[in-house]
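This report goes through selected features of the structure shown below. It begins with a loop and the residues around that loop, then turns to helix packing and record annotations.

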Amino acid sequence: MAGRRAEAWAGVVLTSPALLVFTVFMFVPIALTFWYSLHRYSGFGRMRWLGLENYRTIADDPTFWTALRNTAVFTAVSVPLSIALGLGAALLLNRWMPARGLLRALVYVPVVISGVAAGVIFLRLFDPVTGIGNQLLTQAGLPEINWQGNGAAAMVSVIAVTTWQGIGFGMVVYLAGLQGIPREIYEAAAVDGAAGWRRFRRITWPLLAPTTFFLVVYSIITSFQVFDVVYVLTRGGPGTSTTFLVQYAYDQGFNQRRQGYAAAIGMILYVIVLALTIVQWRLRQRRDASL
Amino acid sequence: MTRIRVALAVAGVLVLMFPIYWMLRVSVAGTDELSTLPVALWPREWHLENFVEPWRQYPFLRWLGNSVVIAVVSVVATVGINLCAGYAFAKLRFPGRDLLFLLIISTLMVPIQVIMVPQFQLVIDLNLLDSLGGVILPRLAEAFGLFMARQFFLSIPDELLEAARCDGAGHLRTFRSVVLPLSGPLIAVLVIFTFMWRWNEFVWPLIVLTDSDSYTLPVGLQFLIQQFGSNFGPLLAMSFLSILPMLVVFAVFQRYFVEGIARTGIR
């Protein structure tokens, strides 16, 4: 059939630029990363075949496990926090109020700021000696916190910055979701006398499930990739207490020049994120099927 | 009830805006003022030279120029690529389509730090180290933009496309003269988001750009952190200047930032 062939031809033509850049700059580098992970490689000179040796070394590498745990803790706290606050902002700013557009825009401002600039801003805020953070704590009669010397406090500071930058995106996506809920459903609920919390619990929240799903998947993926803020704010420290998997892979690859080892950490990271995404996809399909 | 909502919203926004306010407040402070505690909430002195002095010592204007070139070239190329591919993946049937789309989407889950090693090798092999091209080319593969484009095109009714084809237009012409004119909102969203991603990009230019004259603003800013140490006044003044172009773009197009997500069908 000529029609089918013309359509396929147009499809190939229109996708070829994308396929070219994705092949050269994504698919090949991903395949090469796996290939490097089976070698000892300093970034230049010869590669030495190691088989699965890098992966075995990782299994006994305490820093790797620390980085994995840090990444898990960070994700488990920052993802629900920024999604919940984003939902709160969306619910607050969904219905009309004075200056609603301005307020929405201001909530979104931290999203458009570069991670480096955000890091610098909070570097100043969390300065243990002269930062306004500790100054406010003291004035409120609370003890000062050593944001850079205490591992848990450093983790809190990283979570604070990423949440600050994440609320706006959650809000915008939830606003889109809320606009997709037909008015009639709320009107019908009003007839049945559902209002306030009950209305949220029985109508809004379930109908926002696809939105929440998208945000959870997207936020987990991005939280496994957080780098810029950490690079500026804590440098992964004190010690390794805010070293995440990407920081560790970067450090091994570009500072220690163990690029094969870094590639192996990267492959593990990739498999974890892929597995998490597939599990969420399955859970969603099962839930949709049971409805 | 509305009053409570307004009060809550205003209070929340004030908290969120405080770090920005504090950046501006510290940016006009002198070193002495910042080391005498407590630091006053409103500036007592206005050291506006913080915004000017660093320009003399560092190639800030070059960094700004590099950032603009990288962002603009990336936006034009990436948006073009993603419009074409997004349409094809949404509306045209061709062999291997769904598998290819899945492969492209799966690259969203690859942190850039993971594949930076081979990408870096590639840039060296292409002789693009320390060049703007070396920053731009590998970032043309932008899966999230392609995803947004496809979502948008899925919402265009097939009947419209069939009508155009009944009039004798080929697939490529239908795309150019029927679909693209309808895609204004999508193009706006893709332009704005791609601009933001490329403007704020840090680790990839950090690796590729080695000479301080070829830095982008985020890389230059990270360089200034080391230079200024605890001299926070000029550091935060420069931070503010580095995000100012992005803030202006946001202020002009904020309608698209905030509503664009809904229009591209992500929810």
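## Backbone features in chain A

A:Arg235 sits in the loop between α11 and α12 of chain A. The model is a predicted one. Most residues other than glycine have a negative phi, and most peptide bonds are trans. A:Arg235 has a positive phi, near 55°, and is not a glycine. A:Arg235 counts as partly exposed because 14 other C-beta atoms lie within 10 Å, and a residue is buried only from 20 upwards and exposed at 12 or fewer.

The loop between α11 (228-233) and α12 (245-255) of chain A also holds A:Pro238. The peptide bond that leads from A:Gly237 to A:Pro238 is cis, and its omega is near 0°.

A positive phi is also found at A:Arg257, about 60°, in a residue that is not a glycine. A:Arg257 belongs to the loop between α12 and α13 (259-290) of chain A. A:Arg257 has 13 C-beta neighbours inside 10 Å and is therefore partly exposed.

Is A:Gln247 buried or exposed? A:Gln247 is part of helix α12 of chain A. With 22 C-beta neighbours inside 10 Å, A:Gln247 is buried. Leaving aside residues up to four places away in sequence, A:Gln247 is in contact with A:Phe227, A:Val230 and A:Gly236. From A:Gln247 to A:Leu14 the C-alpha to C-alpha distance is 37 Å, and the two are 233 residues apart in sequence.

## Chain A as a whole and its contact with chain B

Chain A contains 13 helices and two strands. Taken along the principal axes, its C-alpha atoms fill a box of roughly 80 × 75 × 35 Å. Of the 291 residues in chain A, 43% are buried. Among contacts in chain A with a separation of 6 or more, 70% are between residues 24 or more positions apart.

Chain A contributes 78 residues to the contact with chain B, and chain B contributes 78 residues. On the chain B side that touches chain A, 60 residues are nonpolar, 14 are polar and four are charged.

## Two helix packings on α11 of chain B

Two packed helices are described by the angle between their axes and the distance between the axes. Helix α11 (residues 184-200) of chain B crosses helix α4 (residues 60-91) of chain B at roughly 140°, and the two axes come within 9 Å. At that angle α4(B) is oblique to α11(B), because roughly antiparallel would require an angle over 145 degrees. The crossing is right-handed. On the α4(B) side the contact involves B:Ser67, B:Ile70, B:Ala71, B:Ser74, B:Val75, B:Thr78, B:Val79 and B:Asn82, while α11(B) supplies B:Ile187, B:Leu190, B:Val191, B:Thr194, B:Phe195, B:Arg198 and B:Trp199. The residues in this contact of α4(B) with α11(B) are nine nonpolar, five polar and one charged.

Helix α8 (residues 143-154) of chain B also packs on α11(B): the axes come within 10 Å and cross at roughly 170°. That angle makes α8(B) roughly antiparallel to α11(B). From α8(B) the contact includes B:Gly145, B:Met148, B:Ala149 and B:Phe152, and from α11(B) it includes B:Leu186, B:Val189, B:Leu190, B:Phe193 and B:Thr194. By class, the contact of α8(B) with α11(B) comprises seven nonpolar, two polar and no charged residues. B:Leu190 and B:Thr194 of α11(B) appear in the contact with α4(B) and in the contact with α8(B).

## Record annotations on chain B

An unreviewed UniProt entry lists residues 64-253 of chain B as "domain: ABC transmembrane type-1". The same kind of record lists "transmembrane region" for several stretches of chain B, including residues 177-197 and 232-253. The table sets the computed values for these spans side by side.

| Span in chain B | Distance between end C-alpha atoms | Helix | Strand |
|---|---|---|---|
| residues 64-253 | 21 Å | 77% | 0% |
| residues 177-197 | 29 Å | 95% | 0% |
| residues 232-253 | 31 Å | 100% | 0% |

Technical notes: Residues are numbered from 1 along each chain as its sequence is written. Chains are lettered from A and ligands numbered from 1 in the order in which they are written. This is a predicted model: local features need pLDDT of at least 70, side-chain atom pairs count only at pLDDT 80 or more; totals for chains, interfaces and linings use all residues. Axes are lines fitted to C-alpha atoms, for helices over the stretch in contact, and angles run from 0 to 180 degrees between N-to-C directions. Helices (H or I, at least four residues) and strands (E, at least two) are DSSP runs, numbered from the N terminus. Angles under 35 degrees count as roughly parallel, over 145 as roughly antiparallel, 65 to 115 as roughly perpendicular and the rest as oblique. A crossing is left-handed if the near helix is turned anticlockwise from the far one by less than a right angle, and right-handed if clockwise. Two residues are in contact if their C-beta atoms, placed from the backbone, lie within 7 Å. Ala, Val, Leu, Ile, Met, Phe, Trp, Tyr, Cys and Pro count as nonpolar, Asp, Glu, Lys and Arg as charged, and the others, Gly among them, as polar. UniProt positions are given in the numbering used here, feature names are shortened, and annotations may be inferred rather than shown by experiment.
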